[in-house]
Amino acid sequence: MGITLRKRDYLSFFVLVLVSLLMLLPFAWVLFSSFKTYRETVQLPIKFLPKNFANLSNYSDLLVRLNFLNYYKNNVIVALGILVPQLFLSSMAAYAFARIDFPLREPIFISLLVALMVPMQMILMPRYSMMIKFGWFDSFWAVIIPSIPSVTTTFFIRQQMLSIPMSLDESAVIDGAGHWRIFWQILLPLCKGSILAMGIMCVVFAWNDFLWPLIVLNSQGKYVLSIAVANLQGQNLTRDNLLLTAAILVSFPIVILFLSLQKYFVEGVAMTGLKE
Amino acid sequence: MNHKMHYALFRGYAMSSIRNRHIRWKNMCWALLFAGPTVFGLYLFFIYPMFKSVYISLTKWDGLSSPQFIGIANYVQLLSDPTVGKELFNTAFFIVLLVPITVVLALLLASAFDKRLPGTGFFRTVFFLPYVMLPVVTAQIGMTMFNSKFGIINQWLAWLGVPAVQWLTDPWLVRSVIVLMNLWAGIGYYAIILLAGLQNIPRQYYEACELDGASAWRKLTNVTVPLLTPQLFFSVVMATIGAFKMFDFIFVFGKSNLYARESLRTMAYGIYERGFTFLDIGFASAEAVVLGAFMLIITIAQNMSQERWVYYS
């Protein structure tokens with residue numbers, strides 16, 4: 001490879017390295033600030049590096065005193081509560097739209113695409129009053145249930161199912177299989193790719209979502225991480241060291257998920273973009 | 001009966017013997033069982049609230065008492081409200097600035113990735129990483145870095161002899177900070193999308209260009225851009241929608257900073273504030289309907305222009 005490099009390629013490489021460093025700069029700022037004491041964050045001149053890299057008091061402060069362990073638990077409940085039913089129900093719906101003939105199938109499917117275009121802001125208020133009517137306000141139900149049905153997940157699993165040859169179903173029918181067995185034993189295992197990609201998207205969305213939980217969760221014990229981290233920012237006094245430590249704690253799981261499943265992650269994102 | 005027919009019957013195609021009607025009936029039950037929950041949920045939580053919003057926008061409602069029908073009064077008020085005007089301006093500003101810059105920079109980045117230089121995998125990860133961060137966190141990182149007193153940016157500028165810059169209170173500077181943080185967060189994503197398109201362009205086209213002695217600019221305009229239009233189109237749509245919905249950044253920047261809030265407020269933020277802080281839900285819904293209509297129009301317009309200028313090979 002090195003032999004084929006041309007002069008211009010060296011230049012692009014050099015520029016890439018420089019810009020990458022710039023991209024990493026905010027991460028470094030966050031990481032280093034998480035080891036600072038409050039004094040260090042307000043003492044001029046501001047230093048980029050902390051005095052003591054072994055100062056973990058911000059972390060223990062957040063996790064124990066400021067209840068972040070509890071918010072972690074809430075986030076996991078919400079994320080799993082959305083993920084499992086969404087993947088299950090969406091792939092079932094995908095099967096129906098890909099493989100079962102029923103009246104009005106196409107019009108119904110197209111009408112669902114409307115849901116894809118609706119901006120969250122437009123459905124915020126009616127949904128909010130619906131949650132109150134259902135008695136779900138200030139409970140995880142309000143965060144979980146409305147986020148379970150998903151057009152994108154249904155759509156992409158259906159796409160993959162359509163690419164699987166019908167002859168597989170045909171031979172299964174000859175062997176006496178019904179819809180459930182075709183779905184569960186034949187098509188679902190073959191759709192692993194899109195299910196995994198959509199699953200990752202779903203977790204990231206649930207983990208990062210801010211606006212909707214902000215509206216339907218009220219009591220502090222039920223906050224999710226995104227709200228908890230926004231609340232660290234006070235009207236008067238904001239402790240940057242705690243704020244930036246929280247930034248690490250909050251994004252850590254998603255970053256790990258991204259780094260370990262990068263291929264599927266990028267695939268899912270490239271297909272849909274993060275829903276917001 | 002051959003197996004194709006057997007299968008067709010199973011799926012509910014075909015004629016009207018009693019047996020077939022039975023199969024059709026059975027299939028409908030299966031369809032209801034399989035698709036029912038998702039379809040019902042989407043109608044209940046997305047499509048019905050959308051229409052409900054249109055109705056609420058024609059009422060005066062504080063969320064507690066019952067809504068009072070007042071016709072298009074909210075829309076009339078919308079037109080004359082200077083704050084809404086500011087929100088419209090800011091939303092448009094972010095779209096006009098962010099969409100082209102994002103796409104152009106992402107294209108440059110993608111073509112650098114496409115050269116398959118050593119370490120490309122690492123660079124891709126680095127540029128994509130900010131995209132997976134919580135928007136709330138991204139905003140807070142930007143806010144602390146650009147803090148005029150305790151931020152590291154001003155500290156470094158001070159070393160260069162630059163006096164403290166009021167990043168977070170000056171209306172134009174704070175908007176630039178938002179643009180910058182959005183670029184930081186989004187550019188890797190669009191680069192990955194464009195890269196997928198670039199990798200599909202056959203090398204021979206470029207080789208042919210080189211034989212003809214075409215310049216790099218001509219290669220870009222005559223080969224790359226035309227063959228990349230589907231991905232460019234997708235990026236423009238996604239970036240526009242993202243800019244339309246910008247909320248988390250504004251919320252975080254404005255939470256403890258009145259100046260920033262007033263100079264940054266977007267429509268998405270205004271809807272939240274009117275609906276949930278001031279409980280003027282009818283008015284907020286009217287603004288939400290306008291935002292939704294804008295997004296719909298732009299999506300449709302972009303889809304129509306797609307037919308004109310997008311080249312699918």
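## Two chains and a buried helix

In this model, 79 residues of chain B are in contact with 79 residues of chain A. The model is a predicted one, which is worth keeping in mind as you look around it. On the side of chain B that touches chain A, the largest share comes from helix α2 (residues 18-56) of chain B, with 19 residues. Sorted by character, the residues on that side of chain B are 54 nonpolar, 18 polar and 7 charged.

Chain B itself has two parts in its domain assignment: domain 1 covers 3-56 and domain 2 covers 73-309. Taken over C-alpha atoms, the centres of domain 1 of chain B and domain 2 of chain B are 40 Å apart.

**Helix α6 of chain B**

A good place to zoom in is helix α6 (residues 135-145) of chain B, where 11 of 11 residues are buried. Among them are B:P135, B:V137, B:I141 and B:M145, along with B:T138, B:Q140 and B:T144.

How does this helix meet helix α8 (residues 171-198) of chain B? The axes of α6(B) and α8(B) come within 10 Å of each other and cross at roughly 130 degrees. Because of that angle, α6(B) counts as oblique to α8(B). The two helices touch through B:T138, B:A139 and B:G142 on the α6(B) side, and through B:V177, B:M181 and B:A185 on the α8(B) side. The residues of this contact include 4 nonpolar and 2 polar ones, with no charged residue. As for handedness, α6(B) passes α8(B) in a right-handed crossing.

**A glutamine and a proline**

B:Q140 is found in helix α6 of chain B. Why is B:Q140 classed as buried? It has 28 C-beta neighbours inside 10 Å, and a residue needs 20 or more to be called buried. Leaving aside neighbours within four places in sequence, B:Q140 is in contact with B:V252 and also with A:Q233, A:L243 and A:A247. B:Q140 and B:V252 are 112 residues apart in sequence, yet their C-alpha atoms are 6.7 Å apart in space.

Over in chain A, A:P146 lies in the loop between α7 (140-144) and α8 (151-162). A:P146 also counts as buried, because it has 22 C-beta neighbours inside 10 Å. Not counting residues up to four places away in sequence, A:P146 touches A:R127 and B:F45. A:P146 and A:F258 are 112 residues apart along the chain, and 25 Å separate their C-alpha atoms.

**Two loop residues with positive phi**

Most residues other than glycine have a negative phi. In chain A, A:L104 has a positive value, and A:D138 has one too.

| Residue | Phi | Place in chain A | C-beta neighbours within 10 Å |
|---|---|---|---|
| A:L104 | near 65 degrees | loop between α4 (68-99) and α5 (105-117) | 9 |
| A:D138 | near 65 degrees | loop between α6 (120-134) and α7 | 15 |

Is A:L104 buried or exposed? With 9 other C-beta atoms within 10 Å, A:L104 is exposed. A:D138 has 15 C-beta neighbours inside 10 Å and therefore counts as partly exposed.

Definitions and conventions. Residues are numbered from 1 along each chain as its sequence is written. Chains are lettered from A and ligands numbered from 1 in the order in which they are written. This is a predicted model: local features need pLDDT of at least 70, side-chain atom pairs count only at pLDDT 80 or more; totals for chains, interfaces and linings use all residues. Two residues are in contact if their C-beta atoms, placed from the backbone, lie within 7 Å. Helices (H or I, at least four residues) and strands (E, at least two) are DSSP runs, numbered from the N terminus. Ala, Val, Leu, Ile, Met, Phe, Trp, Tyr, Cys and Pro count as nonpolar, Asp, Glu, Lys and Arg as charged, and the others, Gly among them, as polar. Domain bounds come from an automatic or database domain assignment. A residue is buried if 20 or more other C-beta atoms lie within 10 Å of its own, exposed if 12 or fewer, and partly exposed in between; C-beta atoms are placed from the backbone. Axes are lines fitted to C-alpha atoms, for helices over the stretch in contact, and angles run from 0 to 180 degrees between N-to-C directions. Angles under 35 degrees count as roughly parallel, over 145 as roughly antiparallel, 65 to 115 as roughly perpendicular and the rest as oblique. A crossing is left-handed if the near helix is turned anticlockwise from the far one by less than a right angle, and right-handed if clockwise.
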